[in-house]
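Please walk through this structure helix by helix, then turn to the loops.

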Amino acid sequence: LARLKKRARDYFAADPGTIYWETGIEENLGGRFKRPYYLANLAAKSDTVRAAADDANPDIKLIFQIANIRYRDVGVFMRSAAAKNYDILSLHPYNWPDFPPPEEWLTNYLDRARSEMKQSGRVLPIWVTEIGAPHRGNCPDCFFGYPKDNKSVPGLSDQEMIAYLIKFQVIAVHDGVEKVFWYNYKDRGPDREFAEDHFGLIDYWGYPKPAYLAYVHMNRS
């Protein structure tokens, strides 16, 4: 904890103008979130980071992430001793594997997440600090998913990706989400069999996809 506090102080001191800091990386995924020691450890770590933040600038806001469509995890976090140290709840609502249109599920998910917060006795502002969908691109007939476990991910067509981006943004803002960050700017790689490589607004070689133009026009309007 002493090393963590020093590292946090170093980060805050290196960029004193930054007010918002997101901690962790989708820690509700995998097995550790459900282990009995996880929440106790998170409380101790977040107490330490909160103390370092207050030393640097009491206006600093800490953000915690909940990934995928797991609204019950919101309640688990909000009822923990760690929640008092956070100012904003970040959602990464990836709706694997089919990524249905946002109008079919997003409002319901946000309502359930807020209901979990209300039951905990504290409601935080919601940001979506990461959201996107895999783009099927120029190989619509190829296998597209996770070869290691042979799970197919259909991916979205050009038009479906444009619609997904715009609908998500409009619905999220309408339903009280304060900020939305699109994942990702550029495809991570060229592998046609790995969905994670194809969330970009531009492709791996730097050429804009149709969704890039939609994103630019939406943010100008």
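In this predicted model, the buried residues of helix α5 are M161, I162, Y164, L165, F168, I171 and A172. Their cover includes α4 (106–120), β4 (126–131), β7 (179–182) and α6. The helix itself runs over residues 158–174. Its 17 residues reach 25 Å from the first C-alpha to the last, close to the 24 Å expected at 1.5 Å a residue. After α5 comes G176, with a positive phi near 95°.

Now take α6, residues 210–220, as a partner of α5. The two axes come within 8 Å and cross at roughly 25°. An angle under 35 degrees counts as roughly parallel, so α5 and α6 are roughly parallel to each other. Their crossing is right-handed. On the α5 side, the contact uses D158, M161, I162, L165, I166 and Q169. On the α6 side, it uses P210, A211, A214, Y215 and M218. By class, this contact of α5 with α6 has nine nonpolar residues, one polar and one charged. M161, I162 and L165 appear in this contact and also among the buried residues of α5.

Go back along the chain to helix α2, residues 38–56. Its 19 residues should span 27 Å at 1.5 Å a residue, and the end C-alpha atoms are 27 Å apart, so the two values agree. Buried here are Y38, L42, A43, S46, T48, V49, R50, A52 and A53. These residues pack against α1 (2–14), β2 (61–67) and α3 (71–78).

Look at α1 against α2 more closely. The helices pack at an angle of about 40°, and their axes are 9 Å apart. This crossing, too, is right-handed. From α1 come L4, K5, A8, R9 and F12. They meet K45, T48, V49, A51, A52, A53, D55 and A56 in α2. By class, eight of the residues in this contact are nonpolar, one is polar and four are charged. T48, V49, A52 and A53 take part in the contact, and each is listed as buried in α2.

Next comes the pair α3 and α4. Their axes are 8 Å apart, at an angle of about 20°. The two helices are therefore roughly parallel to each other. The crossing of α3 and α4 is right-handed. From α3, the contact draws on Y71, R72, V74, G75 and M78. From α4, it draws on Y109, R112, A113, E116, M117 and S120. The classes in the contact of α3 with α4 are six nonpolar, two polar and three charged residues.

Which residues does V74 touch, leaving aside its neighbours within four places in sequence? V74 lies in helix α3. Its contacts are I66, L89, L91, A113, E116 and M117. A113, E116 and M117 are also on the α4 side of the helix pair. I66 falls in β2, residues 61–67, while L89 and L91 fall in β3, residues 88–92. The relative accessibility of V74 is 0%, so V74 counts as buried. V74 and R112 are 38 residues apart along the chain, yet their C-alpha atoms are separated by 9.1 Å.

Finish with the backbone in the loops. Most residues other than glycine have a negative phi, and most peptide bonds are trans. Several places here depart from that pattern.

Start with the loop between β3 and α4. P97 lies there, and the peptide bond from W96 to P97 is cis, with omega near -5°. F99 is found in this loop too. Its phi is positive, near 50°, in a residue other than glycine. With a relative accessible area of 3%, F99 is buried.

N68 sits in the loop between β2 and α3. Its phi is also positive, near 65°. Is N68 buried or exposed? Buried means under 20% relative accessible area. At 18% relative accessibility, N68 therefore counts as buried.

The last stop is the loop between β7 and α6, the place of N184. A cis peptide bond joins Y183 and N184, with omega about 25°.

Conventions. Residues numbered from 1 in each chain as written. Predicted model: local features only at pLDDT ≥ 70, side-chain atom pairs only at ≥ 80, totals over all residues. Heavy atoms only, no water. Axes fitted to C-alpha atoms, helices over the stretch in contact; angles between N-to-C directions. Helix = DSSP H or I, 4+ residues; strand = E, 2+ residues; numbered from the N terminus. Parallel < 35°, antiparallel > 145°, perpendicular 65-115°, else oblique. Left-handed = near helix turned anticlockwise from the far one by under 90°. Contact = heavy atoms within 4.5 Å. Nonpolar A, V, L, I, M, F, W, Y, C, P; charged D, E, K, R; others polar. Expected span 1.5 Å × (residues − 1). Buried < 20%, exposed > 50% of the residue type's maximum accessible area, 1.4 Å probe, protein only.
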